[in-house]
Amino acid sequence: MNTNRKVAVIAGALFIIADVTHFMAVALTPVLAGTDYLTRFSAPTNQVTGAVLLYLIADFACVGIAISMYPVLKKWNASLALGSVIFRTLEAAFYMVGVVSLLSLLTLSQQFANAGAADRASLQAIGDLLVSVKNHAGLAAVFCFCLGAFIYYTLFFQSRLIARWLSGFGIVAIIMMTSACVLSLFSGNLITSYIPLAFPIFVQELVLAVWLIVKGFNPSVSASKSGKTETSELLSAV
């Protein structure tokens, strides 16, 4: 298995890991809405801890996707390839803020359960702040994801490393996801309120993952670019 084939398989596997673990984590996380979310949050301790672990796996996988594809994409545009790594790293960093907020909410909910009526109002206010931080950090993370993903889908489209219909749909799906982020930003609603706009990129990334694992990058395009790169390096050396 050559280097580009290994990169494609690793990237495809990381796409699946990132998507599956993230959605499993969301399913395990108690709903942070209503006036009694702190009471609900204090009971399923192991469930929340499991969600945090899954979020961490998803975060590292997100960064790994861009890093794993960088050696291939830099042959077409090193600056843009690096940009995708930077934005997906920022995405993971913002998600980490959300994870810290989630762990803090778990501790706070346990204090809330044992607190008297006089202390519950202040603990509730802190809880509301932590929920707000988590939601806003999540929105910032999705914005960073959109920028990072738009970069590598554009490079895919230009280079023909994957089928153009697949990279083209990826660009359209990312634009739809970005629209959902903008609507969420200005409306104050959670980004999960715009599922029709967000769902296409979920489908796209799973299809891309299977494509990379099964077919990999276009070998003729990869070989052609590698040959041009080696020729340029030889000429530069001369």
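Colour the protein chain by secondary structure: eight helices and zero strands appear. This is a predicted model. Following the chain from the N terminus, the elements run α-α-α-α-α-α-α-α. Turn the view along the principal axes, and the C-alpha atoms fill a box of roughly 80 × 35 × 30 Å. Of the 238 residues in the protein chain, 45% are buried. Show the surface next; about 11,800 Å² is exposed, and carbon and sulfur atoms supply 71% of that area. Among contacts between residues at least 6 apart in sequence, 77% join residues at least 24 apart.

**The largest core**

Hide the surface and select Tyr 152, Tyr 153, Phe 156 and Phe 217. These residues have the most contacts inside the largest nonpolar core, a set of 45 residues. At least two residues of this core come from each of α1 (3-28), α3 (45-73), α4 (78-114), α5 (117-159), α6 (164-187) and α7 (195-214). The element that gives the most is α5, with 11 residues.

Stay on Tyr 152 and display what surrounds its side chain. Setting aside residues up to four places away in sequence, Tyr 152 touches Phe 15, Ile 65, Met 69, Leu 73, Ser 84, Arg 88, Phe 145 and Glu 205. A second, separate core has 20 residues, and Tyr 55, Val 99, Leu 105 and Leu 130 are among them.

**Along α5**

Select α5 from end to end. This helix has 43 residues and reaches 63 Å from its first C-alpha to its last, close to the 63 Å expected at 1.5 Å a residue. Move just past the end of α5 to Arg 160, where phi is positive, at about 65°.

**Cys 62**

Go to helix α3 and pick Cys 62. Is Cys 62 buried or exposed? Cys 62 is buried because its relative accessible area is 7%, below the 20% cut-off. Beyond residues up to four places away in sequence, Cys 62 touches Ala 18, Arg 88 and Glu 91. Arg 88 is also touched by Tyr 152. Draw a distance from the C-alpha of Cys 62 to that of Phe 145: the two atoms are separated by 8.7 Å, although the residues are 83 apart along the chain.

**Gln 204**

Move to helix α7 and select Gln 204. Gln 204 has a relative accessibility of 2% and so counts as buried. Which residues is Gln 204 in contact with, leaving aside its neighbours within four places in sequence? They are Tyr 153, Leu 166, Phe 169, Gly 170 and Ala 173. Tyr 153 was selected earlier, as one of the residues with the most contacts inside the largest core.

**A nonpolar patch on the surface**

Bring the surface back and select Leu 82, Ile 86, Leu 90, Phe 94, Val 97, Leu 129 and Val 133. Together they form a nonpolar patch with about 550 Å² of accessible area. Two elements, α4 and α5, give two or more residues to the patch. The largest share, five residues, comes from α4. One patch residue to centre on is Leu 90, which lies in helix α4. Leu 90 counts as partly exposed because its relative accessibility is 37%, between the cut-offs of 20% and 50%.

**Ser 179**

Finish in helix α6, at Ser 179. With a relative accessibility of 32%, Ser 179 counts as partly exposed. Draw one more distance, from the C-alpha of Ser 179 to that of Phe 143: the separation is 9.9 Å, for residues 36 apart along the chain.

How values were computed: Residues numbered from 1 in each chain as written. Predicted model: local features only at pLDDT ≥ 70, side-chain atom pairs only at ≥ 80, totals over all residues. Heavy atoms only, no water. Core = buried A, V, L, I, M, F, W, Y, C linked by side-chain atoms within 4.5 Å. Buried < 20%, exposed > 50% of the residue type's maximum accessible area, 1.4 Å probe, protein only. Helix = DSSP H or I, 4+ residues; strand = E, 2+ residues; numbered from the N terminus. Contact = heavy atoms within 4.5 Å. Expected span 1.5 Å × (residues − 1). Patch = residues over 30% accessible without salt bridge, like charges linked within 9 Å, V, L, I, M, F, W, Y side chains within 5 Å. Areas by Shrake-Rupley, 256 points an atom, 1.4 Å probe, with all protein chains shown as cover. Salt bridge = Lys/Arg side-chain N within 4 Å of Asp/Glu carboxyl O.
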